[in-house]
Number of protein chains: 2
Amino acid sequence: MKFSYISHLYCPKCSSTYDANIINQLCECGSPLLVTYDLPALAKNWKRSDLIGRRNDLWRYHELLPVQKEENVVSMGEGMTPLVAMKALGEHMGISQLYMKDEGIIPTGTFKARGAAVGISKAQELGIKELAMPTNGNAGAAWSLYASRSGIMSTIVMPVDAPKITRNECASSGANLYLVDGVISDAGKIVAQAVKDYNLFDVSTLKEPYRIEGKKTMGIEIVEQLQWEVPDVILYPTGGGVGLIGIYKALKELQALGWIEEKMPRLVAVQSEGCAPIVKAWEEQKTESEFWNDSETIAFGINVPKALGDFLVLNAVYETGGCAVSVNDTAVIEEQKQISQKEGAFICPEGAAAFLAARQLRNEGWIKENETVVVLNTGAGIKYPDTVDVNVPILNKHETITDRSNVTSF
Amino acid sequence: MKFSYISHLYCPKCSSTYDANIINQLCECGSPLLVTYDLPALAKNWKRSDLIGRRNDLWRYHELLPVQKEENVVSMGEGMTPLVAMKALGEHMGISQLYMKDEGIIPTGTFKARGAAVGISKAQELGIKELAMPTNGNAGAAWSLYASRSGIMSTIVMPVDAPKITRNECASSGANLYLVDGVISDAGKIVAQAVKDYNLFDVSTLKEPYRIEGKKTMGIEIVEQLQWEVPDVILYPTGGGVGLIGIYKALKELQALGWIEEKMPRLVAVQSEGCAPIVKAWEEQKTESEFWNDSETIAFGINVPKALGDFLVLNAVYETGGCAVSVNDTAVIEEQKQISQKEGAFICPEGAAAFLAARQLRNEGWIKENETVVVLNTGAGIKYPDTVDVNVPILNKHETITDRSNVTSF
């Protein structure tokens, strides 16, 4: 048995292939590259039951990950996040089998840890010494911290307005951190120049092929946690869309291994009304999105006006009979509150957006009452404390509680 | 097989026993009550191998937990947090087998989730409708959120100065939340009065017997994750000390089950120089601590001037040949930085304090080079973003990166 059954890289746009043993970024045609595995060989050698008793993180699927030598794995126990039954919220929505895949329960507090763990491990295997990326916060935090663990230097550029906690995480890692008085695309331009000037490995979203391999493990875990039953619907808050592309890729790979049947979940790309390029493209039945001007949403992580992998997101949505939905920021905050009060889960606005989309699709009848619905919560609410506006009574030391109807407002 | 082998409650001070099927708070003598299980029956019916394939959270040990009916379990997948090898840091300290039990990777971001999950589940089983507690932040966040999930109402009182993120978590849960212009003991007095006035269940630290049962699972997990080998040393940042008491209790129970041998880890209680009542008592070889006046430390969670369970903490330290150590706040921040930069783990100051204690004990020769050392990191660093003082260069949109020696300071 090999540790990894990686075969080569291929371009989903022009079908060129690339050697996976050397450093690659984008295809010559400008498309992201994807990883191919030797699935026929793996199907013979690897059974679902081989997973029993394995380590309880995403590396349990190492045969289907790109790292070829176990000693190159850089891990802090990321993955196998809880799949939490959301009974009370489901009753409120009229969905009998509602689950949250809770990506807040992971190092660095967001799903970005998956891409970083696999991306950094492979970067180490390829001999990378220094990398660079622009970030809206959480990806930079995850990549700079995993880079520190591996001994790789990182250069991170983020907008001044990115969440302060993520700035502190990057700083604590010892990264070369820079703020830019602008937005993520301005950070991207500075990184692109630095990549040229200093010959750095560019780990911007989808500009290297391995982040998506980490993200895809969300899809494998969901079906393993459902005892290899594929859910009817998976909703995913979509910025760059790497997780959705990854989940689709993972499920196709599991089909090729014979681990799941033909049924695919309907994949739903959830965006904000203030930044909905994928939704617009889907409504117009296009295969690519257009740049969304003056994008704005409280859900910082899905403020991506034009995703490099938009055509892959749209393809996954079309191929699975899914859809793309936009939601309103004010209603997102209300949904976040419902989830805390009904389920005890203080989740991030991006996750709340995906739950709200489930509610809308149930109201429209697109989701049926008895369908199994999995919502991705991409991060912990504690990373965005300022989305909660708190108004709490202050007592002096000698006061007693007299007004107990005074339930805290949110 | 029963779901739980709980037998009754007992007082570790005066040896009185209590019925576990009714609501109890403290013993009549004022001591906390502890849970007893029918260990002889359990030893016959339950083997280590029964755990294989079980759910990957603390409920995998349900036989040794107090909840008798599975339907009363209130869970968000808490437990089985990663045991992370800290190779680079260990080399720096001269400890060859250094591990972090990372309690940041859990719902609500701290180990308080364990006590809350088990405590709330048992409260639900006992028919509790409303509870109250004072908190320095993290316990209130965990208990109010788990209470929401179960449908139990909660009244939480916390100091105005408690971390803002935890205030927001409590508020989001829909709790009756009050701030007090004072410290935790002032909050405690207000809660005590409210408990009397409104007949609430008091879930202050150790005032109900079940929080410790949740916390003890840290000890079971550590030895299961080390393939049932007991480490040489476990270091624990000690405020109320519930986790340390719980780990000791768990290991004694595992011995009674025959799951581990006679060897116990040396348990180390770590405190801050600004609040070190347990350390003082240990240095004076006393069995109880004295109230520590004007306590102060950046490690908010271990700012506890007098713990109700101090005699149990000290007993566990004495019985295992452990010790109690205090550390300096400034050096804690430096240790936190080392851990981020060497291991990629942005941990809380309490956890960093425990790592610093390991470093000190290694320097003194109390810890030997080849010993297996487990440090409890009790929470995620992202819950305390303000312990990191960040000074980052700001670029304008059209600048390029010219000064790459400018590694971020912390």
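Q: How much area do domain 1 of chain A and domain 2 of chain A bury between them?
A: This is a predicted model, where local features need pLDDT of at least 70, side-chain atom pairs count only at pLDDT 80 or more, and totals for chains, interfaces and linings use all residues. Residues are numbered from 1 along each chain as its sequence is written, chains are lettered from A, and side-chain values use heavy atoms, without hydrogens and water. Buried area is the accessible area (1.4 Å probe) that two parts lose on being put together, summed over both. For these two domains, with 66% of it on carbon and sulfur atoms, that comes to about 3100 Å².

Q: Which residues of domain 1 of chain A lose the most area to domain 2 of chain A?
A: Three residues together account for 22% of what that side buries. They are Arg48(A), Phe111(A) and Arg114(A).

Q: How many salt bridges does the rule find across the interface of domain 1 of chain A and domain 2 of chain A?
A: A salt bridge is a side-chain nitrogen of Lys or Arg within 4 Å of a carboxyl oxygen of Asp or Glu. Across this interface, the count is five.

Q: What relation links chain A and chain B?
A: Copies are superposed by least squares on the C-alpha atoms of residues with pLDDT of at least 70 in both. A rotation of 180° with 0.0 Å of shift along its axis places chain A on chain B, at RMSD 0.0 Å. That is the relation of a two-fold axis.

Q: Which residue of chain A comes closest to the rotation axis?
A: The distance is taken at C-alpha and is 2.5 Å. The residue is Ile105(A).
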